[in-house]
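Biologist: I would like a close look at the open and enclosed spaces in this protein, with attention to what lines them. Please begin with the term that a statement about burial depends on.

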Amino acid sequence: MHKFILLLLSVFPLVVFGGPLMNPQTEGKIARLIQQMTLEEKIGQMTQRNGADGHEDQIRDGLIGSILNEIDTDKLNNIQRIAMKESRMGIPLIIGRDVIHGFRTVFPIPLGLAASWNPELIKQGTRIAAIEAASVGVRWTFAPMMDICRDPRWGRIAETLGEDQYLASVLAVAMVEGFQSDDLSNKDALAACAKHFAGYGAAEGGRDYNTTSIPEQLMRDVYLKPFKACTDAGVATFMVAFNEINGVPASGNSFLLKQILRDEWNFDGFVVSDWASITQMINHGYCRDDKHAAERSLNAGLEMEMATSTFIDHIKNLLDEQKITMQTIDDAVRNILRIKFRLGLFENPYTDPADFPELVNAEHLAAAKESAIQSVVMLKNDNQVLPLSKEIKSIAVIGPMADDQFEQLGTWTYDKNIEDTQTPLMALKKFDKSSAKINYVQTLEYSRAKDKKDFQKAVEAAEKSDAVLMFMGEESILSGEAHCRANIDLPGIQEDLIHEISKTGKPIVLVIMAGRPITIGNIIDKVDAILFSLHPGTMGGPALVDLIFGEVSPSGKLPVTYPKVVGQIPLYYNYKNTGRPFDPKTYVPMDSIPVRAWQTSLGNETHYIDAGHKPLYPFGYGLSYTTFEYSDLKLSSNKIKLVEKLQVSAKITNTGEVAATEIVQLYIRDLVGDITRPVRELKGFERLQLNPGESKTVTFELCKDDLDFHNQKMQLVTEPGKFHVWIGPSSTEGLQGEFEIVQ
Ligand code: BGC
């Protein structure tokens, strides 16, 4: 190694090898600060407290390094002043908040954003969220959440970017870039937080906080992928998960926090616990008491404690007893201070809202509307009921979600202003391109309501209207943290209402506003069209009205598999083929099995006798007001060497009558592997805007890294052999080709 680098390494041990190249000057400043800090002040940097009130004295004494859940700018400026001017070391606080899908302007829930498959739009939305949050003094968000989730019972699926590691990686990186901007020291940049590390979305049975068992190969090839992508994109912080993984809680997991995050990925930011997740290791049965929990989390690589105080209470004794080392403490403090320097907090810890654009301004609302438009997935559109003609004379508007300014915003919206919300009913009344009479009957006060008293009024409204819009779904609180459901049908008596309205014979458009896929097997045949909007945020109303009247065509595609019934879960598109894959030719559905049938091995394949094999709608699926034709699949070669790149292209034509956007998807299947490979894996996608009759050719490029996976020896390999490749509109359709990788 070059002498100069060796010299540098001896002075600043981690300077050269780090995530983003570390700045020697900053590292020098950090080293000098650490030298001067008392043990109490170091522990202070590793401690996070809730709210500003009552913490002034501790901040003055250097015993707190971070605050979460305070958004009063005066209070924040005051505690920053105390930290900077009245504490011995003058170290600023880092102020955190859950800015998950917007701040004051609420964007669609992350699962909805993921349905847009639009990283640029998502980046723009997170940028706006960052600007709004920074304008009050927040400089750290606990987002993006990138837990892969294959189970819609889990309430936190609402916060995820879906079930696929490739899509989630691309979108999570867009979020990191949006939050952090091109330079963390910009006054409107937020430090992002990759969470929850790791495997949280695999909670058994979809019950929050539950045990996970994830083989290392699956962990690396699926669950860790978005985290690695965000590390490479320079994410500033990580948050651990609540769950245990194969018996070891994430808060005490040195395999994740040391081996993977530091040794393999060279992450140089810091790791925060989740809310009380350190002491919860006692409940897990992994630690005897608080002190033991502090010891195990510190030695695993956890660096900042959220909500509890085991670090304050026990670090000194643990050091005296040599259960932990001062090096561990110094490393943690160094990583925390590094992010504070990168945020420019030492130079500029204060916030003047006058430096920022207004909250919820027209530009922010326009972006929220566009995001909501692109987040809607049209699941069904029989007889082209949608778009509604602008000439239509009357529309019945029915349902608990039609005009609820609170419930369409979704989970994690602490900083919303409910009055800002524009509901579908409000937007319909304002929509000046149609003079249709609106016959509104809310009918059910909220999604779980069970009072049928207004059913008759709703039926009458439907009878006197030309079409019916039913806004149904789940209230915001029915998804999100700890809000898991064993039954994911429409809550309450919403299905009964749909049955009643369907008897009128009027065309029915069902809009589902929810935090997750809702099983609709009981009512799917009763409605003509379905728009799955998830919780669409502040501008959900105008977005839906534009879609309903065809101002724009739906373009969203499902970021998760949509089950028929809850018993199919977990259900995901990139499953393994098994030794006895589903075979439609030999499948005998339950009602066709003869009475007293003799046991037979015919038809013994992977399926349910009552629910078959397929989901209701596959991952990647979504309809449009036009039709697209896929043709001319071309591969640059049918045999490529490991070092070469393969181009795969196809022509997409808009064969319908209106301009629309298609999300073109690239999938592969590795036919034989040292570890069995999924039946399909997403490897690319592109949003394509096409006018009627227009064609465009989409070209994807695949290289060795796109085809790699961890083998039995846990080596990352791309194996020679045959692959199938598809370009198509969803995970179950498309033009198929084949290629071979040769040595
Ligand atoms: C959640 C985190 C969140 C934290 C702080 C926890 O309960 O799991 O995702 O960032 O609270 O609000």
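Modeller: A residue is called buried when its relative accessible area is under 20%. The model is a predicted one, and I336 makes a useful starting point, because with a relative accessibility of 0% this residue counts as buried. I336 belongs to helix α15, which covers residues 326–342. Apart from neighbours within four places in sequence, the contacts of I336 are with Q45, M46, F270, E303 and M304. Y440 comes 104 residues away from I336 along the chain, and the C-alpha atoms of the two are 54 Å apart.

One of those contacts of I336, Q45, also leads to the enclosed spaces, since Q45 is among the residues that lie nearest the centre of the largest cavity, together with G62, I64, S87 and I91. The lining of this cavity consists of 13 residues, and the space inside amounts to about 80 Å³. By class, its lining residues divide into 7 nonpolar, 5 polar and 1 charged. Over the whole structure, the search finds 5 cavities of 30 Å³ or more.

The second largest cavity has a volume of about 50 Å³, and its lining is made up of I100, H101, G102, F107, L113, I122, G125, T126, A129, M175 and F179. Two elements, α7 (119–134) and α8, each give two or more residues to that lining, and the largest share, 4 residues, comes from α7. No charged residues are found in the lining of the second largest cavity, which has 7 nonpolar and 4 polar residues.

Helix α8 (165–180) appears again in the open spaces, as one of the elements that give two or more residues to the lining of the largest pocket, alongside α9 (216–223), α10 (225–232) and β21 (681–690). This pocket holds about 1,200 Å³ of space and is lined by 47 residues, with Q165, R220, D221, V222 and K225 lying nearest its centre. The greatest contribution from an element is that of α9, which supplies 6 residues to the lining. Sorted by class, the lining comprises 20 nonpolar, 9 polar and 18 charged residues.

The position of the largest pocket can be described through the domains, for the chain is divided into domain 1 (50–354), domain 2 (384–548) and domain 3 (628–742). Because domain 1 and domain 3 both give residues to its lining, the largest pocket lies between them. As for domain 2, its C-alpha centre and that of domain 3 lie 37 Å apart.

The second largest pocket contains about 710 Å³ of space. Its lining has 28 residues, and those that lie nearest the centre are Y572, Y573, Y575, H613 and V679. In this lining there are 14 nonpolar, 10 polar and 4 charged residues.

Burial can also be followed in a strand, namely β11, which runs over residues 377–381 and is mostly covered, with 5 of its 5 residues buried. β11 pairs with strand β16 (residues 529–532) in the antiparallel sense, over 4 bridges, and within this pairing K380 stands opposite I530 of β16.

Methods. Residues are numbered from 1 along each chain as its sequence is written. This is a predicted model: local features need pLDDT of at least 70, side-chain atom pairs count only at pLDDT 80 or more; totals for chains, interfaces and linings use all residues. Side-chain values use heavy atoms; hydrogens and water are left out. On a 1 Å grid over the protein atoms alone, a cavity is a set of points where a 1.4 Å probe fits but cannot get out, and a pocket is an open set with protein on both sides within 12 Å along at least five of seven lines; lining residues have an atom within 4 Å of a point. Grid points are joined across faces, edges and corners, and a volume is the space filled by probe spheres set on the points. Ala, Val, Leu, Ile, Met, Phe, Trp, Tyr, Cys and Pro count as nonpolar, Asp, Glu, Lys and Arg as charged, and the others, Gly among them, as polar. Domain bounds come from an automatic or database domain assignment. Buried means under 20% relative accessible area, exposed over 50%, partly exposed in between (1.4 Å probe, protein chains only). Two strands pair if DSSP finds at least two bridges between them. Contact means heavy atoms within 4.5 Å.
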